[in-house]
Amino acid sequence: MGSSIKIHHSKEVAEALSSGAPIVALESTIITHGMPYPQNVETAREVEQIIRDGGAVPATIAVLNGELHVGLEDETLDELANAKDVMKCSRADLSFAMALGKNGSTTVAATMMAAHAAGIRVFATGGIGGVHKGAETTFDISADLDELSRTAVCVVSAGAKALLDIPKTLEVLETRGVPVIGFGCENVPAFWSRDSKIKAPYRLDEANDISKLIKFRETFGDHGGMLVTNPVPAEDEIPSDEMQVFIDASIKAAEEQNITGKDVTPFVLQDIFERTAGRSLATNIALVKNNAKLATKIACGLTD
């Protein structure tokens, strides 16, 4: 993102950038595409407050009327939550939304782009995109993976969304030189579930060790980002064996209705929500909050 791009910082984020205080970036699709109003605003504010309580500053990222915002004031967050026809922006869409004066919420890839342009090094999200099942014939692979390989931001998530092909996702990340850390776990989590039964390439048990790793990778200058996988709290998880039944049924429903491309993930997530009677959304909210706590500790460690 070029230096000529104008970024609107919230007052809180502007002060943090000026003083060198720790900042945690947040995406905005959870506000526009993740849940209904007013639950979307309530959850966004709760996540932001978790970051403040941990000693850092939240920077929710979005496009409003074609302008890039890093950090949203209260009224701006409300405006986004109530906006109609909001684009869901990944890397390919971000410039399009800005050029045409549209509203856009940012996915993992676009949030990483904007965070990096603003000088923010840590980003908390729910789950990343990855390699879709059947990608050997469809070539359906999320732009999040290439973004992790090129953009120097640490992404804290509960792993790849469990409806994806997790082994192939890890293989692509390894090929692109992206370190994948299991935080306090031997196996990477599977979003709603704590254990995918797939071994994490690395394990770290202290947030400060992740901060050290970020600092050291930055000395190379061109090493891209890194992925921290953080299991959802045990009391909030849906066990993987139980969850797989719902996932398989929802993917089958998508195939039967000829849902393809970028429409697959939102369709499947909504279908799973209905099949689990809302449990999947409750788990999603819990894991986002848990990731915000860890990301805050990592960001604070970067200022030590």
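Which strand holds the place of Thr-106? Select Thr-106 and you land in strand β6, residues 104-106. Keep in mind while you click around that this is a predicted model.

**Stop 1: Thr-106**

Show the side chain of Thr-106 and look at what it reaches. One target is the backbone oxygen of Ile-61, at 3.0 Å. Another is the side chain of Thr-111, with a polar contact of 2.8 Å. Is Thr-106 buried or exposed? Its relative accessible area is 0%, so Thr-106 is buried. Now bring up the surroundings: setting aside residues up to four places away in sequence, Thr-106 touches Glu-27, Ser-28, Thr-29, Ile-61, Ala-62, Cys-89, Leu-94 and Thr-111. Leave Glu-27 on display for the next stop.

**Stop 2: Thr-125**

Jump to Thr-125, in the loop between β7 (122-124) and α7 (135-138). Which side chain makes a polar contact with the side chain of Thr-125? That is Glu-27, at 2.4 Å. Glu-27 is also on the list of residues that Thr-106 touches. Thr-125 counts as buried because its relative accessibility is 3%, and the cut-off for buried is under 20%. Beyond its neighbours within four places in sequence, Thr-125 has contacts that include Val-108, Val-288 and Asn-291. Val-155, Val-156 and Ser-157 are among its contacts too, and they lead you to the next strand.

**Stop 3: strands β8 and β11**

Select residues 154-157, which make up strand β8. Cys-154 and Val-156 point one way from β8, Val-155 and Ser-157 point the other way, and all are buried. On one side of your selection, look for β7: three bridges join β7 to β8, and the two run parallel. To find a matching pair there, pick Ala-124, whose bridge partner in β8 is Val-156.

Next, add β11, residues 226-229. How many bridges pair β8 with β11? There are four, in the parallel sense. Click Cys-154 and its bridge partner Met-226 in β11, then Ser-157, which stands opposite Thr-229. The side chains of β11 split by direction: Met-226 and Val-228 go one way, Leu-227 and Thr-229 the other, and all are buried.

Strand β11 has another parallel partner to show, β9 (residues 180-183), with three bridges between them. Val-180 is the residue to click in this pairing, since it stands opposite Leu-227.

**Stop 4: the nonpolar cores**

Colour the nonpolar side chains now. In soluble globular proteins, nonpolar side chains tend to be buried together. Which residues touch the most other members of the largest nonpolar core? Among its 86 residues, they are Ile-128, Ile-210 and Val-228. Helix α13 (residues 279-302) gives the most to this core, with ten residues.

Zoom in on Ile-210. Not counting residues up to four places away in sequence, Ile-210 touches Cys-154, Phe-183, Leu-204, Met-226, Val-228 and Ile-298. You have already met Cys-154 in β8, and Met-226 and Val-228 in β11. There is also a second, separate core of ten residues, with Ile-31, Val-41, Leu-77 and Leu-80 among its members.

**Stop 5: Val-188 and an aromatic pair**

Head for the loop between β9 and β10 (202-204), the place of Val-188. Val-188 is buried, as its relative accessible area is 2%. Leaving out residues up to four places away in sequence, its contacts include Ile-166, Leu-170, Val-180 and Thr-229, as well as Arg-194, Asp-195 and Ser-196. For a distance check, draw a line from the C-alpha atom of Val-188 to that of Asn-208: they are 20 residues apart along the chain and separated by 19 Å.

The structure holds two aromatic pairs. One of them is Phe-191 with Trp-192, edge-to-face, at 4.8 Å centre to centre and 75° between the planes. Both Phe-191 and Trp-192 are buried.

**Last stop: the cysteines**

How many disulfides does a search of the whole structure find? Zero. Take Cys-300: the nearest cysteine sulfur belongs to Cys-154 and is 13 Å away, and Cys-300 is in no disulfide. Finish on Cys-89, which you saw among the residues touched by Thr-106. Cys-89 counts as buried because its relative accessibility is 0%.

Key: Residues numbered from 1 in each chain as written. Predicted model: local features only at pLDDT ≥ 70, side-chain atom pairs only at ≥ 80, totals over all residues. Heavy atoms only, no water. Buried < 20%, exposed > 50% of the residue type's maximum accessible area, 1.4 Å probe, protein only. Pairing = 2+ DSSP bridges. Polar contact = N/O pair within 3.5 Å; in protein donor to acceptor, adjacent residues only side chain to side chain. Contact = heavy atoms within 4.5 Å. Disulfide = S-S within 2.5 Å. Phe/Tyr/Trp six-rings, centres within 6.5 Å; stacked < 30°, edge-to-face > 60°. Core = buried A, V, L, I, M, F, W, Y, C linked by side-chain atoms within 4.5 Å.
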